[in-house]
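Dear colleague,

I am passing on a structure that I have been going through, and I would be glad if you could look at it alongside my notes.

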Amino acid sequence: MAQKVITKVLNVGEKTKEMMVEYFEDFKREKTPPYAIFQADDGDTVVTMYQSGKVVFQGRDADLAADFWIETEKINYGKAEVKSSDDKKEKKEVERKIPLRINSIGSDEVGTGDYFGPIVVTAAYVTKDNIDFLLELGVKDSKKMSDSEIKKVVPEIIKKIPYHTFVLNNKQYNELYSSDMNMNKMKAILHNKVLSNFADKGKYPYDYIVVDQFENPRSYYNHLSDAKFKVYNITFLTKAEDQCLSVACASLISRYVFLIEMDKISKDVDLEIPKGAGDIVDSVGKEIIKKFGIEKLNQISKINFKNTEKIIK
Ligand code: MG
C-alpha cells in the first residue's frame, strides 16, 4: 500500500496560495508546466500549483505532503476542498470472487446486441500453466482490446488454448426466433452447447466452470429444460471476463470470429457493415434493401430487432 503513487488535489484560496508560493520558493523546479505557478519537490512528492488555485500533490507520500496545506486552508477559510484519485481507483479495482490461478472452463458470447451478423458463442479451457502466457498477452483486459489488437492476439491464444466456438448464422437465428424462443433462451442453449464439449472431467480437469452471467441461474436452467445434456456446477459471474481468464479467452475468440463474419458480410454486400443497433445500422439496412431487396436482410440481420421496422419504412 505504501508503495502506491497517489494523487491528491486541493483547491486553495488566495491566502493559502501566497503562503505556499513563499514556502516552496526554495524547492521550485526550474521548469513550470503550462498554467502552473510553480512545480516543486517535497520529499518524494511533486507539488504543482496552478493559476486557478488548484494544487496537485503526487507521490507515495502525497497524503502527508498535502495534509499540512489542507489544515492551513481550513485555518484560513474554515474548510478545504480535497479530492484524492486514490479513493476512486480503490473502488474501481475488481473485487476477486474466484482465484486467478485456477484450471477453468469459461464461456462468453457476442453479437446479441448487433443487428447485423451472427451470434458467436465460445467455451475455452485454461489450465494453470497457461496463465502467465495469457497475462503476458494482455488477456486480463480483454474488454479494452481494440479490433486490431484482437486480430493480433487471438491467433496466439488459439495455438495453446483448447476452445469450441459455435456460430449461429442469421438465417438460423431468424428461423429459431419465435414466441417461445427469446434471446436469453437462445444464449442459454448455446452456452450449454459449447460448454458440453468440455464435460469430460478426466480430460479437462477444472476448478471452476464460469459463465458470464446474462440471467439468473434458475432461468438459465429453465431455458435448458429440453436439452439432452446439461452442464452443471457453473459459477455465474457478472463481468466474468475480469474474473476468469477462460471467460476472457472465450470473449476474445468470440469477438474475433464475429469480426471475421462481419468482414465476410461486408464483402458480400460491398458495404461497410456496422456493429450495434444504432442509426448507422438503419441507413446501411436501407441501402441493402435498395441494392438486393428485402430478402437479403433475412440472411444477414436479426429480423426481430426494432431496426427492421425503421429500415422498411
Ligand atoms: Mg458476455
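Below are notes on the metal site, a pocket and some salt bridges.

Please bear in mind that this is a predicted model, in which local features need pLDDT of at least 70 and side-chain atom pairs count only at pLDDT 80 or more, whereas totals for chains, interfaces and linings use all residues. Residues are numbered from 1 along each chain as its sequence is written, and side-chain values use heavy atoms, with hydrogens and water left out.

To begin with the metal, the magnesium ion is coordinated by Asp-108 and Asp-212, each through OD, at 2.2 Å; donors here are N, O and S atoms within 2.8 Å of the metal (3.2 Å for Na, K and Ca), and since water is not among the atoms, sites may look incomplete. The two residues are 104 apart and link distant parts of the chain, with Asp-108 in strand β6 (residues 104-110) and Asp-212 in strand β9 (residues 208-212); strands are DSSP runs of E of at least two residues, and helices are runs of H or I of at least four, numbered from the N terminus. Asp-108 is buried at 6% relative accessibility, and Asp-212 is buried at 15%, where buried means under 20% relative accessible area, exposed over 50%, and partly exposed in between (1.4 Å probe, protein chains only).

Turning to the salt bridges (a side-chain nitrogen of Lys or Arg within 4 Å of a carboxyl oxygen of Asp or Glu), the structure holds 14. One of them joins Lys-8 and Asp-63 at 2.7 Å, N to O, and this pair links strand β1 (residues 6-11) with helix α2 (residues 62-77), 55 residues apart; Lys-8 is buried at 15%, whereas Asp-63 is partly exposed at 33%. Another joins Lys-151 and Asp-263 at 3.2 Å, connecting helix α5 (residues 147-160) to helix α10 across 112 residues, and here Lys-151 is partly exposed at 39%, as is Asp-263 at 39%. A further bridge, between Lys-17 and Glu-14 at 4.0 Å, lies within helix α1 (residues 14-24), where the two residues are three apart and so separated by about one helical turn.

Helix α10 (245-269) also appears, together with β6, among the elements that give two or more residues to the lining of the second largest pocket, and α10 supplies the largest share, four residues. Of the 15 lining residues, Glu-109, Val-110, Gly-111, Lys-143 and Arg-255 lie nearest the centre of this pocket (an open set of points on a 1 Å grid over the protein atoms alone, where a 1.4 Å probe fits, with protein on both sides within 12 Å along at least five of seven lines; lining residues have an atom within 4 Å of a point).

With best wishes
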